[in-house]
Amino acid sequence: MSDTQTEPTPAVTPAVTPAVTPAWWLVAEREITTKVRDKTFIGSTVFLLLIVLASIVIPALISGSDGPDKVAVVDPLGTAVVKRADQVAGGGAYEARQLAGVPEAERLVSDGDVDAALVPGDGGYTVVGGSEVDSDLLASLREALLAQQTERNAAGAGLTPDELRAGSGLTERLLDPGPIPPLVAELASIGLAIVFYMTALGFGMMIAQSVVQEKESRVVEILAAAVPIRALLWGKVLGNSIMALAQITVIAIAAIIGLTAIDRDDLLSVIAPVSGWFVVYFVLGFVALASLWAVAGSIATRQEDLQSTTLPGQMILLLPFFFSVFAGDSAKTVASFVPIASSMAMPGRMLTEDVPLWQPLVSIAILIAATVGLVAGGARLYERTLLQTGRRMGYREAIAQKAE
Amino acid sequence: MLTVSGLTRRFGETLALDDVRFEVAPGRLTGFVGANGAGKTTTMRIILGVLAPHAGEVRWNGTPLTRATRRSFGYMPEERGLYPKMKIRDQLVFFGKLHGLDPDAAAERVDKLLDRLGLAERAGDMLETLSLGNQQRVQIAAALVHEPVALVLDEPFSGLDPFAVDAMADLLREEVGSHVPVLFSSHQLELVERLCDDLVVLSHGKVVAAGAVDELRGNGRRTTVYRVVLDSDAGWLRDVAGLTVKDVDGCSAQIDVGEPGREQELLRAALERGPVRELTPVRPALSDVFREATSR
């Protein structure tokens, strides 16, 4: 018998090869695919998108950026005045429409075909409107007419336009120019805080629900037998963080499209760098709380328990949210260094004031330290409580539980 | 070979497991029986690493069980559960991958299993839309999907009708082949008797009997206990030397003849006194073994 004939039957060894996809990634993948197929999730994301787009575009539409205002005129001087007003406004603001006579001009005003009519009147000109005349339009026309007629009168007196205007120029110089108008900055900073609050709360609740669903359906026992409990936690945190990040990215793209559509590239150039910081703050702030959301799920036994077990998480988000939106400047400065609160306060401050670079760096370092601590503590609680399916526990009880 | 060695576990003041030790041999179905609360589920959860023992260990082919090895085990927990709102094919593939299969192998294997279980056309349905019996089939498929090297099944057949039990038992036999150790707990002793090769009896956290079912029932050797039915009163048997009379009831009696072959002497003696209607060897039913073992 040759010794190359047959191999001895090998003892039974596990067929698992270590090179296969890590468990935490499989869990994350399942979180994502399940959510992407969930119609409620898709619906709420689309809804959120529409709100963001609408809140940017609708104000612009209402303020009437639909082409130049049309002004009916009946003589060459009127045309010249409207042209001059348009030049002063930067072009594209006003357009003259030459008509045969006053009655026709008035008819077009009544019909709404033109915004106003500029017709010769007592001691100069009259602006004819329907029920009212836009105050900007009125002021522009008044200024243009004054300039036009003053020049004409001056020429009559032998002066050139430059001689006439000598020494009367007025320019503006700001010692502390804000990056963008204060009101816009204020609104944008509140907007960032709302985006963080809504997204962190929404996906946090999803983590808690996903955990309690596995407990409720008892599938957790099979999962825990197959993979380490920590792999389940990391998978959930990773999957939901990716989804949350994807959602705010989509919102950001919607905002960029919106701002471009209404020709506010100037705002974009200011908001874009702050958005970069915001993403860093968002990821850290979200991950810091993610394992606590998982614990909110693991100490519950049924969906109904989540109302009470997620309360601390909701408060941790809600209080800093109100603080960062409504507090005074010095309080906001403090908040921008407190973990979680900083995710909402610091990006806002960077929009409304000049923040020295060291401040966000220090604040992020504090946030990273807090994130590491919270994640480690959360993971420990999660491991101890996940397989307790008997009844709902309190946080205090979970913390007091001894590791086994 | 799966070896459970000296497992001890307390819950508060209660000693749930007390030095539990037994073996589950490759290719053999080992029944795990015991009254409610005897510690079966606790033992199984410790084997799967879902619960930690306070003492003792579980070994696989002689070395302590690692997580990597456990990942290749198949487990059906006492409390059933899969994802209710996930399509059954998707979730079986997920479990396959979670147990270490690559995606293609998992998909191929799942299709085969679903076909074998008659669930191929339900592959795209959510689990919750299936009947309870079919959900149970999917649960067994989830334990088998990665071709486990060992199987631990907690009450796998509870809730199934007799036909389904037979179908599932056939599937199990087919899947485990000659090399997979299977431990399964059950309350249905008749079922365990019919299906199992080996038996472990647990009572109040202790193993009170363990071994091959045949051995425990005394089938391996010839029994010395006989039932005799005569035409007249059997009371005289008490006076025959060398016989142990276990029970006499009118014309019938149960007798231990002491050693094989002596039943012939008994027969001759009885025939001298009159007709003998019956002489049958008596083997204990598994329920007797169980009752005797747990009453100690």
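Which residue is the bridge partner of L118(A) in β4(A)? Keep that in mind while you load the model, which is a predicted one. The tour begins in chain A, crosses to chain B and then comes back.

**Stop 1: the hairpin in chain A**

Select residues 116-121 and 124-128 of chain A, which are strands β3 and β4. The two strands run antiparallel and are joined by 5 bridges. Now pick out L118(A): its bridge partner in β4(A) is V127(A). Together β3(A) and β4(A) form a hairpin with 2 residues between them. In that turn, select G123(A) and check its phi, which is positive at about 60°.

**Stop 2: chain A as a whole**

Zoom out and colour chain A by secondary structure. You should find 16 helices and 4 strands. If you colour by burial instead, buried residues account for 34% of the 404 residues in chain A. A contact map is worth a look too: of the contacts in chain A between residues at least 6 apart in sequence, 72% join residues at least 24 apart.

**Stop 3: the nonpolar cores**

Next, select A294(A), A142(B) and V152(B). These residues have the most contacts inside the largest nonpolar core, which has 142 residues. Add helix α10 of chain A, residues 265-298, and you have the element that gives the most to this core, with 15 residues.

What does A294(A) touch, not counting residues up to four places away in sequence? Show I207(A), V211(A), L233(A), K236(A), V237(A), G378(A) and Y382(A) to see its contacts. There is also a second, separate core of 22 residues, and V71(A), V114(A), A117(A) and Y125(A) are among them. As background, nonpolar side chains in soluble globular proteins tend to be buried together.

**Stop 4: a loop residue in chain A**

Jump to M393(A), in the loop between α15 (358-385) and α16 (395-400) of chain A. Is M393(A) buried or exposed? With 22 other C-beta atoms within 10 Å, M393(A) is buried, because the cut-off for a buried residue is 20 or more.

Draw a distance from M393(A) to A300(A). These two are 93 residues apart in sequence, yet their C-alpha atoms are 6.6 Å apart in space. Leaving aside neighbours within four places in sequence, M393(A) is in contact with I299(A), T385(A), Q388(A) and A398(A).

**Stop 5: where the chains meet**

Show both chains now. Here 24 residues of chain A are in contact with 31 residues of chain B. On the chain A side, the elements that give two or more residues are α1 (23-36) and α8 (219-226). The largest share of that side comes from α8(A), with 6 residues. Colour this side by residue class and you get 16 nonpolar, 4 polar and 4 charged residues.

**Stop 6: the β-α-β unit in chain B**

Hide chain A and select β7 (150-154), α6 (162-176) and β8 (182-185) of chain B. Together, β7(B), α6(B) and β8(B) make a right-handed β-α-β unit.

Start with the helix. At 1.5 Å a residue, the 15 residues of α6(B) should span 21 Å, and its end C-alpha atoms are 21 Å apart, so the two agree. Following α6(B) is G177(B), with a positive phi near 55°.

Move on to β8(B). V182(B) and F184(B) point one way from this strand, while L183(B) and S185(B) point the other way; all are buried. β7(B) runs parallel to β8(B), joined to it by 4 bridges, and L151(B) stands opposite V182(B). Now add strand β3 of chain B, residues 29-34: this strand also runs parallel to β8(B), with 4 bridges. Here G31(B) stands opposite F184(B).

**Stop 7: two positive phi values in chain B**

Finish with two residues that are not glycine. D19(B) has a positive phi of about 55°, and you will find D19(B) in strand β2, residues 14-24. D19(B) is partly exposed, with 14 other C-beta atoms within 10 Å.

E147(B) has a positive phi near 45°. Look for E147(B) in the loop between α5 (132-144) and β7 (150-154) of chain B. E147(B) is partly exposed, with 17 other C-beta atoms within 10 Å.

Key: Residues numbered from 1 in each chain as written. Chains lettered and ligands numbered in written order. Predicted model: local features only at pLDDT ≥ 70, side-chain atom pairs only at ≥ 80, totals over all residues. Buried ≥ 20, exposed ≤ 12 C-beta atoms within 10 Å, placed from the backbone. Contact = placed C-beta atoms within 7 Å. Nonpolar A, V, L, I, M, F, W, Y, C, P; charged D, E, K, R; others polar. Expected span 1.5 Å × (residues − 1). Pairing = 2+ DSSP bridges. Core = buried A, V, L, I, M, F, W, Y, C linked by C-beta atoms within 7 Å. Right-handed = clockwise from strand over helix to strand, strands pointing away.
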